[in-house]
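New to this one? Here is a short walk through a few of its parts, taken one at a time.

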Amino acid sequence: MSASHAENRQVLIVGAGPAGLALAIELGSRGIRCLVVERNDRVGLAPRAKTTNVRTREHLRRWGIADALRAASPFGVDYPSNVVFCTRLGGHQLAKFENAFNCAPGRNPLYAEHAQWIAQYALEEVLRAHAQTLATVQLRFQCELVELTQDERGVQATLRDLATQTAETVAADYLVGADGARSRVREALGIAMHGVRALSRNYNIVFRAPGLAQAHRQGRAIMYWHVNPDAPCLMGPMDRDDVWFCMPTKLPEGGKLSDDQARDYIHRATALTLPIEILSADEWTASRLLAERYREGRAFLVGDACHLHPPFGGYGMNMGIGDSVDLGWKLAAVLQGWGGTALLASYEIERRPVHEMVMNEAVANHATLGGDLWQPGLEDDTEAGAAMRRAVGERVRLAKLREFNTLGVVRGYHYTNSPVIAHEAQPAPAADFINYLPSAVPGCVAPHAWLHDGSSLYDHFGSGYTLLDTRCSTENMSEEPPPESFFEHIKSLGVPLKVLTPGLPVLRDLYQARYALIRPDQHVAWRGDLLPEDAAFLEPLAGRA
């Protein structure tokens, strides 16, 4: 095995899943030189995530690729994002949740982008295609991390090309492990995962079943939860050409299914006898694990490399992208010279409470699966059976409401404990998984609004900080202008700042202040009715001592 040396990169990213690609885009859009390495080819039909939530699609909108993902929808974005609970696909319906995860298209005043039901591999294709257009981003597949060392000046990594078996040493200012649950970066850094392992053993089956969508009577939906004693599972359409997924929640001893057993399981679950072609099958374990720390020196962890939880609620992949957004602009700020080292320390401080909150939600959702809802007689075509189905349906609606109505979690998280957020006496709104209340308390996601020209307020935020002026009338426009010395100080700090005055009446009510300082990740950093003579207050918000 031969070795060579490559040019210095500012950031080396290990892993080209959604979190790694999101980080590359966040950095590359700011001109940061980064190399992304991935030991696999990232193709195939593995189900992985299927929900790209509202917050993630708002980031895609900021990157200019939300429309590209929308166009990639295999069934069209108008396909109803309903979730149906039934005894079997060919049996009785128990309950239905409409517009799960807020996937319905159209303008909602609470957010800039609707969620989208789409396979993770399709999202990865859109992210990868965009990353490859960025001049400072380089992607290498079939390339693995072998070893890493670091000192106070940077990181040195040994990489191996799996096709040629050649090795090279890459130097970088920082390294980020976005390499998933079995993170080699996390292992190399000696960082342990703590929590509860093996909450459940699960199985994923991807199969092709021509005509299945037309053969059942449950109506169009993205997921069908099967509640029965012998083949409980989650099932739903996944892609064009009659490709579906099935997640059995009751496995045989040993946890393995042959293709014939998988076909039989699907036939029993659906009560339909259509031809079925098994495309892939794999076993996985649901756990609740959190890394003891997210950083070691100049190396960081994002996504599944630092947090793992059950998939119920559709949070996992989206949280990884959120990690990369938070860390990405901060790394860029430090490398560009206007952000301080405290900015990097704030990454874990901001993200860990979000991870803990979301993990608790996912575990709560995992507590009730299809098999837990079964009662003898549920499938009987009798009055007693119908009464039982109504009762179980009501239990489903109560137990699963929070799993499919997630806006309060997706947009209601905040960073009020962060050292790079201005602190107020007024607290952020209390956590509520379903009732999202927009708030401009520093640390919260900036309240959204649609402008009269049809654009989103978010479309006008800058790539650095944005000073939002909420003046909205001729009278208000005559208010005292901000002091010139404030902007002179901003310029001397080198902090990128855009001033935005949309003149929209609702903004003063939404933000409860004349000014709001918005971070690059669309979180409120500060607000107030008066700007000081200088911008000294911005220095700690940019991570400067």
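## Starting at L199

Let's begin with one residue: L199 sits in strand β12, which covers residues 193-208. Keep in mind that this is a predicted model. Is L199 buried, partly exposed or exposed? Its relative accessibility is 32%, and since partly exposed covers the range between 20% and 50%, L199 counts as partly exposed.

What does L199 touch, leaving aside residues up to four places away in sequence? The list is A286, S287, R288, P310, V363 and H366. As for R351, it lies 152 residues from L199 along the chain, and the C-alpha atoms of the two are separated by 23 Å.

## The eight-stranded sheet

Strand β12 belongs to an open sheet of eight strands, and the order goes β6-β5-β13-β14-β15-β12-β16-β19, with mixed pairing. At the edges you'll find β6 (93-97) and β19 (307-308); each has a single partner strand, so one side of each has no neighbour in the sheet.

Zoom in on β12 and strand β15 (residues 243-248): they pair in the antiparallel sense, over four bridges. Within that pairing, I205 stands opposite C246 in β15. As a bit of background, strands of a sheet pair through backbone hydrogen bonds, and they can do so either parallel or antiparallel.

## A four-stranded sheet

There is also an open sheet made of four strands, ordered β21-β20-β22-β23, and its pairing is mixed. Which strands are at the edges? They are β21 (497-500) and β23 (524-528), each of which pairs on one side only. Going from one strand to the next, the twist averages 15°.

Here, strand β20 (residues 465-469) and strand β22 (residues 515-518) are antiparallel partners, joined over four bridges. T466 stands opposite I518 in β22. A helix comes into the picture too: α13 (residues 484-493) lies across β20 and β21, and runs at about 150° to β21.

## The second largest pocket

Now for some empty space. The second largest pocket holds about 330 Å³. Its lining has 19 residues, and R30, R62, F461, G462 and S463 are the ones that lie nearest the centre.

Which element gives the largest share of that lining? Helix α2 (residues 54-63) does, with four residues. By type, the lining of this pocket divides into six nonpolar, six polar and seven charged residues.

Notes
Residues numbered from 1 in each chain as written. Predicted model: local features only at pLDDT ≥ 70, side-chain atom pairs only at ≥ 80, totals over all residues. Heavy atoms only, no water. Pairing = 2+ DSSP bridges. Helix = DSSP H or I, 4+ residues; strand = E, 2+ residues; numbered from the N terminus. Axes fitted to C-alpha atoms, helices over the stretch in contact; angles between N-to-C directions. Contact = heavy atoms within 4.5 Å. 1 Å grid on protein atoms, 1.4 Å probe; cavity = no way out; pocket = protein on both sides within 12 Å on 5 of 7 lines; lining within 4 Å. Points joined across faces, edges and corners; volume = space filled by probe spheres on them. Nonpolar A, V, L, I, M, F, W, Y, C, P; charged D, E, K, R; others polar. Buried < 20%, exposed > 50% of the residue type's maximum accessible area, 1.4 Å probe, protein only.
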